[in-house]
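Take a look at the model below. A few stops along the chain will help you find your way.

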Amino acid sequence: MRTRSELREIAMKSLYQILVIRKTNLEYSVDEIIKENIEEENEFVNELVKGSLDKEKEIVDLSNKYLDGWTIDRLNLVDQAILMLSVYELTYTETPSIVVINEWVELSKKYSDDAVTKMINAVLDSIYHSEDKYGK
């Protein structure tokens, strides 16, 4: 049985692959990409990846609102995936906000540099303290 932290990392890798493939204009299947990253069907991974893609415009708009002087498209694709998934989980799921922020900041520390991790933390913290939690 995988931990939620491991599942978040699988979701991040899946979304990252989708963002890379999108730039090449190749056809892809979200389900197939998820399946490449996790053998067994997992509702949590599916919800994070598919939910982030379904709500992408709202997530990008909300992220850009709190990215001080930046826009999400200026981040590298790994950081974009982390930010999209974390904003989705924070705003559209029942996972406690503090857990979401902590988990994604920890994952960001593994894949991003300090400046980007601080930026992601600041965006999530701003959303947490705002009225911008659509799903909650």
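Tyr-16 lies in helix α1, which spans residues 4-24. The model here is predicted. Is Tyr-16 buried or exposed? Neither label fits: its relative accessible area is 33%, so Tyr-16 counts as partly exposed. That value falls between the cut-offs, under 20% for buried and over 50% for exposed.

Now look at what surrounds this residue. Leaving aside residues up to four places away in sequence, Tyr-16 touches Leu-77, Val-78 and Ala-81. Thr-95 sits 79 residues from Tyr-16 along the chain. The C-alpha atoms of Tyr-16 and Thr-95 are separated by 22 Å.

Move on to helix α4. Its buried residues are Glu-56, Ile-59, Leu-62 and Ser-63. Around the axis they cover an arc of only 135°, so they lie on the same side of α4. Lys-57 and Lys-65 are on the other side of α4, and these are exposed. What covers the buried residues of α4? The cover includes α1, α3, α5 (77-92) and α7 (114-128).

Helix α3 deserves a closer look. It runs over residues 43-54, and α4 over residues 56-66. The axes of α3 and α4 come within 5 Å and cross at roughly 80°. The two helices are therefore roughly perpendicular. Which residues meet there? From α3 come Ser-52, Leu-53 and Asp-54. From α4 come Glu-56, Glu-58 and Ile-59. The residues of this contact divide into 2 nonpolar, 1 polar and 3 charged.

Methods:
Residues numbered from 1 in each chain as written. Predicted model: local features only at pLDDT ≥ 70, side-chain atom pairs only at ≥ 80, totals over all residues. Heavy atoms only, no water. Axes fitted to C-alpha atoms, helices over the stretch in contact; angles between N-to-C directions. Helix = DSSP H or I, 4+ residues; strand = E, 2+ residues; numbered from the N terminus. Parallel < 35°, antiparallel > 145°, perpendicular 65-115°, else oblique. Contact = heavy atoms within 4.5 Å. Nonpolar A, V, L, I, M, F, W, Y, C, P; charged D, E, K, R; others polar. Buried < 20%, exposed > 50% of the residue type's maximum accessible area, 1.4 Å probe, protein only. Arc of directions from axis to C-beta.
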